Amino acid sequence: MMQPTVAIDVEFRNVAKSFGAVVAVDNVNFQIPKGSFFTFLGPSGCGKTSCLRLIGGFEQPDSGEILIASESVAQVPAYERHVNMVFQHYALFPHMHVAGNVGYGLRQRRPRMSAREISKHVADSLALVRLSGYDGRRSWELSGGQQQRVALARALVNKPTVLLLDEPLAALDRKLRKDMQVELKNLQREVGITFVFVTHDQEEALSMSDRIAVMRDGKIVQEGSPTDLYSQPLDRYVAGFIGQSNFIVGTVVEAGDQVTIKTERSVLFRAPKSKVAKSLLAGDNAVVAIRPERISLGNKHEAGVESFAGRVAQVTFLGDQTEFHVETEQAGRLLVRMSSGHASFVSGDPVIAYWKREAGLALLNE
Ligand SMILES: Nc1ncnc2c1ncn2[C@@H]1O[C@H](COP(=O)(O)OP(=O)(O)O)[C@@H](O)[C@H]1O
Ligand SMILES: [Mg+2]
């Protein structure tokens, strides 16, 4: 039987782009499946916006090939690509009301679209972003969230193949951002358009994306589903960027699927090797990543788990969960997160921090 093939909407093949001496995009390869929510995640300056601008045709690559809907777009100017972009700053036309803003692109079309047709598309687009009835408002009569939804409607009205979103929620306050994350994800499902999203906020990326490309210094370090990246990070950078992790450094004593590691304080413990990371050999510098929610605190050493003795240095109540900073002799400071109901330790208490061996992930410490 043939494998069902997934249509690819955007593809980079060895794409590179420099600005003077700065390598903004460094031989990048990826494929974005049609209808998916794809996110570039990374710190400021790692090349996220440059990738979007290359897709949009606002920049030309120095080398490599860009394909949209399986066609090379080397010769296709920005205005002919079936791509629209939404920016962090909504950039609405202040002299136009909402309907004028949303219908702007349609009014530029040649041959002309009838006024009736335009107002129907505008109304459909405003309904999508839940702003029906706001046609006559001016931008200064709208909240930040509403302005951003108008910007979305203005992009969606063109029915692009791909919608590019460059940190569109970054200017919104926290509560509104959370609401908009849910709305944006629902909207993407509803319209089925491929969304290419850029953020430096890992929580935002995890909650919305089908796939995430984690970037660093112009390169994609790892690409995968949110659960892949969370449970099988390729290296310390990804493990630290996607969620929080404790990192215990040491040296590999014995390698295999299970790795035995000697900490800097000469304590031996074991952790499974990452399935996706480079292999570990005896003598390598290693780091074991352990998520704070996978560590528990108790009063005595148990059999069958990895454990370190320590003392509670700090307790932070977060509602349903509580965070503990535990100072251990052998592995330094560990961050532990437990359900508040199970955690009655206070600052200064001696404790045993323990985790199931499979909760650790041994990685090369580069
Ligand atoms: N037009 C430009 N001219 C000069 N340098 C640029 C230009 N655009 C981006 N850069 C540089 O390229 C690198 C990547 O930038 P960018 O893609 O905007 O990163 P991000 O969106 O991840 O913050 C940065 O070092 C930035 O200063
Ligand atoms: Mg940017």
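Let's start at the ligand: one of the oxygen atoms of ligand 1 sits 2.8 Å from an N or O atom in the side chain of lysine 48. That makes a polar contact, meaning a pair of N or O atoms within 3.5 Å. Before going further, note that this is a predicted model, where local features need pLDDT of at least 70 and side-chain atom pairs count only at pLDDT 80 or more, while totals for chains, interfaces and linings use all residues. Residues are numbered from 1 along each chain as its sequence is written, chains are lettered from A and ligands numbered from 1 in the order in which they are written, and side-chain values use heavy atoms, with hydrogens and water left out.

Back to the ligand. Threonine 49 also has a side-chain N or O atom 2.8 Å from an oxygen atom of ligand 1, and glycine 47 brings a backbone N or O atom to 3.0 Å from a ligand oxygen. On its own, ligand 1 exposes 550 Å², and the protein buries 59% of that (areas by the Shrake-Rupley method with a 1.4 Å probe). The shell around it, meaning residues with a heavy atom within 4 Å, includes Phe19, Val22, Pro43 and Ser50. Two elements, β2 (22-33) and α1, give two or more residues to this shell, and α1 gives the most, with three. Helices here are DSSP runs of H or I with at least four residues, and strands are E runs of at least two, numbered from the N terminus.

So what does α1 itself look like? Helix α1 spans residues 48-56, and seven of its nine residues are buried, that is, under 20% relative accessible area with a 1.4 Å probe, counting protein chains only. Among them are Lys48 and Ser50. Right after α1 comes glycine 57, with a positive phi near 85°.

Now hop over to strand β7 (residues 162-166). Five of its five residues are buried, so the strand is largely enclosed by the rest of the structure. Val162, Leu164 and Asp166 cover one side, with Leu163 and Leu165 on the other.

Strand β7 has partners, too. It pairs in the parallel sense with β6 (residues 83-86) over four bridges, where pairing takes at least two DSSP bridges, and valine 83 is matched with valine 162. Strand β8 (residues 194-199) pairs with β7, also in the parallel sense, over five bridges, and here leucine 163 stands opposite phenylalanine 195. To get from β7 to β8, the chain passes through helix α6 (residues 174-191) in a right-handed β-α-β crossover: with the strands pointing away from you, the path from the first strand over the helix to the second runs clockwise.

Note on methods:
Buried < 20%, exposed > 50% of the residue type's maximum accessible area, 1.4 Å probe, protein only. Polar contact = N/O pair within 3.5 Å; in protein donor to acceptor, adjacent residues only side chain to side chain.
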